[in-house]
Amino acid sequence: MVENQDQGPYYQINDTKNPDLLHERRSATFDIELLTQFMFGGPNSYFNINKRRQLTRLAYAHPIHKTHLPLEYLDADEFYALLIRKSFVAIKEAERLNITDRKFLGWFLSVFTNGRFIFGLHTSMFLHTLENMASDEQQEKFLPLARSFQIIGTYAQTELGHGSNVQRLETEAVFDSKTDTFVLNTPTLTATKFWPGALGRSTNYVLLMAQLYTPDRSHPCGLQMFFVQIRDLNTHEPLPGVEVGEISTRFAHEVGDNGYLRLTNVRIPRNQMLMKLAYVDEQGTFHRLGDPRLLYGAMLATRVNLCAFFSILLARAVTIAMRYSAVRRQGQNPDGKETLILDYPLQQEKLVPCLAATYAFFYSFIKLEHFRASILDGDTILFELLPELHAISSGLKAYTSTHGERWSQICRVACGGHGFLVASGIKGINNMLDAGCSYEGDNAVLYQQTARFLLKVIQQLDENTDTNPDSSIAFLYSNKVAPATVVNLDDYCRLFEARSELLLKSMSTRLSELSSSSSTPYSVFSKNSIELVHVAKAYVETFVLRAFYDGVRKASEHKELAVVFEQLFHVFAIDTLRNSAADFIRLKLLTPDQIYHLETYGLPDMYARLRPNLIALVDAFDFHDNELNSCLGRYDGQAYEALMERARLNPANRYKVHPVWTSIKQNAKSKL
C-alpha cells in the first residue's frame, strides 16, 4: 500500500493563492524539484524524500486528525489523552500498512503524531539498547514483546543530581545471592531518575542505568543496565516499591510525559541485567564479555541523528519566516505602496544567513552520517576511528543545536508579533531547539570532549603522519599555507582550517607549559576550559564549511543549481567569519579591512543575487503544511485567513460574554 502512494511534491505552484508568493515562485531560476531530489532524493539518501512523501500522505489521510481542536487549545489532560490515542492509532496503522523498516517506521509514527509520538524513546533508545546490550537469550525473550508494544519502555539514565557526569550516578543494584536477585534502590534524593520521556504516566518498563555491587554492597563493579518492570501490565498501577510520576510542565505546554522514578528495595531476577557485554553468575562473580566499545559506537548513532533532527527543525523555522516575509507588506515606498518585507535588506540580513546555515547543517550531517556508516555498518567495526566520530558528533550536536536555537529565534523575530503566537509554528520549533542544547549531552560538556580529542591529536602529530585525506583532521597534517585573501570557495575552507590549527597549537603549547608547573591536569584543563570550548567550535566550523564545500562541488553537476549553491556558501562563510573576526585578525590571517569589505559589500551583494530564489530555496525542503503546523508558513500564502480561522477556534470565544463578567455585572447591579 505504501508503494502505491504518490511520490511527487505535496504542492504545485498553482496551489499558491497569494499573488506575491506566486510571483516569488515564478521568479526562481531553477527547478525546485531538481533541487529537492539533488539534496534529499534517492533510496540511498538518509532522507529518501520520495519514500517520506509516501509515508506522510498515508499518515495525514487518517480521519483522527480532524477530530480535535488545534493542540494549543487543549488543556494538559486533553493534550496527553489525545497524544496517547494518536500514538496507538499510529502504531496500528503502521502494522496495517506493514511498515517494518526502522527508519521509515520512525518517520511515519512521528509524522502521524505531529512530531509528538509519545513512545519515541521506546522505538529508539529502548529497542536500540536491547539490541546492543542484551544477550541472545534476553533478546529472544524481550525483543518480540517490545517490538509489538506489548511492553512499552523508556531509557532511565539521567538523575535529579547527575546528568552529563554519568559515572557519578547514584542508583544502586546490589546482588543478593540467596535469592538470585538484584535489589534496586535510589538511596538519596539526588538519585531519583528525572526527565526520561514517557516515564511519567506512559511506560511500564525502564532500562535502568545503575551502579552494580556484587557479590555484596562492598564490591562496586561500575555502571550496568537493568531491565525493570515498573507498572502492572493489566492495571497500569505502579508496582510495590515504585514511586513514579510526571515532572513539572515545560515550555509551550509540550507533552513529553517526562517523569521521575524512585525505587525502594525493588527486586528483579539476576537475568534482567543486560548481559551481552557483562554478566553476574549465581555466586555473584562479575564477568566482562566482548568489547565495551560496541556499546559506545551504538550510542553515537543517536547523537548523529540529532544533527539531522536539528537541521530539519531549523529548515522548518526558516521556511515559515521566509514565506511569511513574502506575504507581509509593511512601510511605504515612494510610489505610495506598501513594501514586501522580504525586499528590505534588514529582513534579508536576518533570514538569508539562516537559510545558508540550514543548507550547511544538512551537508555537515550527511558527511557525518557517511562517516558513521563507514565505521559502524561494515563487516568490521573500525574501532580506531571511534574517537574521531565521537569528537565530530559531540561538537556538531552542540553546534547545530546552539546555532539552530539562535537562528530559530531570529526567524521568530523576523515574523513580528504574529511570530510569537503558537499558531506561527516557530515558538514550538524554538523550544525544541532550546531543549536540544541540554539533552543527550550538555553542549559545553560536549565541546570539551571534542577539545580533548583535538589535544590528543596535536600531541601525537609527529607520530601519526599517515592520515586519511578525507579525515576531519587532515588539515593538521597539511603543509598548505593559508591564503592571504579570498579568491575562491576553497580559500574560505583553508582560512578556517588555518585558524583552527593555530588556535589548537597555541592551546596545546600553553597547556604543556602549565602542566610542568605544580598544577594538576584537572585544574589546568578547568582553568582553560573557556578557550578549549572556543578551540572545539573552531574545529567544528572547519568541518561544517568543508562539508558544505563538498556539497557545492557536487552541485556543479547541475548548472542551474551551481550558482545558487555558491552564493549560499559565500553567505555562510562570510557570516561565520565575521562572527569570529577577532580570531582572524589576531592570528594575522585577514586584515580588518578585508573582513569589513566582505561583511559590508560581500554579504549584501549575495543577498541581492539570492533574492529571486529565496522562496524556491525553502520550498525545496518540501514540508507538508501539517508538518509546519503554521498559519504563517502555509504553502498557499493565506497567512491572514489562517490566523483568523485559528483565532475563531479558540474555546475562549464560545462565550459572547464570559461568565466572570456576567457575575461582575450582576453584583454591580445588585449594589445599585
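These legends walk through several views of a predicted model, starting with the whole chain and then moving in on chosen residues.

**Figure 1. The whole protein, with its 22 helices and 13 strands.** Welcome to the overall view, a good place to get your bearings. The C-alpha trace spans about 90 × 85 × 65 Å along its principal axes. A compact globule of 672 residues would have a radius of gyration near 26 Å, and the 27 Å found for this protein agrees with that. Buried residues account for 54% of the 672 residues. About 30800 Å² of the protein is exposed, and carbon and sulfur atoms supply 53% of that area. If we take contacts between residues at least 6 apart in sequence, 73% of them join residues at least 24 apart.

**Figure 2. The largest nonpolar core, made of 132 residues.** Among the residues with the most contacts inside this core are L35, L355, Y359 and F548, along with F565, F569 and F621. Domain 1 (2-17 + 30-127) and domain 3 (296-466 + 489-619) each give at least three residues to this core. Take Y359 as a guide: leaving out residues up to four places away in sequence, Y359 touches L35, M39, F548, F565, L568, L617, A620 and F621. A second, separate core has 24 residues, including V206, L212, V242 and L263.

**Figure 3. N48, in the loop between α2 (32-40) and α3 (49-60).** Is N48 buried or exposed? Its relative accessibility is 9%, so N48 counts as buried, the cut-off being under 20%. Beyond its neighbours within four places in sequence, N48 is in contact with F40, G42, P43, F104 and W107.

**Figure 4. T158 and G197, listed by UniProt under "binding site" in an unreviewed entry.** The two positions span 40 residues in sequence, yet their C-alpha atoms are no more than 10.8 Å apart, so they gather at one spot. T158 sits in the loop between β1 (153-156) and β2 (172-176), and with 30% relative accessibility T158 counts as partly exposed. Setting aside residues up to four places away in sequence, T158 touches G163, T192, K193 and F194. G197 belongs to the loop between β4 (193-194) and β5 (205-213). Unlike T158, which is partly exposed, G197 is buried, with a relative accessible area of 15%. With residues up to four places away again left out, G197 touches L121, T154, G256, D257 and N258.

**Figure 5. The cis peptide bond from T214 to P215.** Here is a backbone detail to look out for. What is omega near for this bond? Omega is near 5°. P215 is found in the loop between β5 and β6 (220-229). As background, most peptide bonds are trans.

**Figure 6. N265 and E440, two residues with positive phi.** Most residues other than glycine have a negative phi. N265, which is not a glycine, has a phi near 50°. N265 lies in the loop between β8 (259-263) and β9 (266-269), and its relative accessibility of 53% makes N265 exposed. E440, also not a glycine, has a positive phi of about 55°. Look for E440 in the loop between α11 (426-436) and α12 (443-459). E440 is partly exposed, with a relative accessible area of 32%.

Definitions and conventions
Residues are numbered from 1 along each chain as its sequence is written. This is a predicted model: local features need pLDDT of at least 70, side-chain atom pairs count only at pLDDT 80 or more; totals for chains, interfaces and linings use all residues. Side-chain values use heavy atoms; hydrogens and water are left out. Helices (H or I, at least four residues) and strands (E, at least two) are DSSP runs, numbered from the N terminus. Buried means under 20% relative accessible area, exposed over 50%, partly exposed in between (1.4 Å probe, protein chains only). Contact means heavy atoms within 4.5 Å. A nonpolar core is a set of buried Ala, Val, Leu, Ile, Met, Phe, Trp, Tyr and Cys residues joined through side-chain atoms within 4.5 Å. Domain bounds come from an automatic or database domain assignment. The radius of gyration is taken over C-alpha atoms; the globule rule is 2.2 Å times the number of residues to the power 0.38. Accessible areas come from the Shrake-Rupley method with a 1.4 Å probe; for residues, only the protein chains shown count as cover. UniProt positions are given in the numbering used here, feature names are shortened, and annotations may be inferred rather than shown by experiment.
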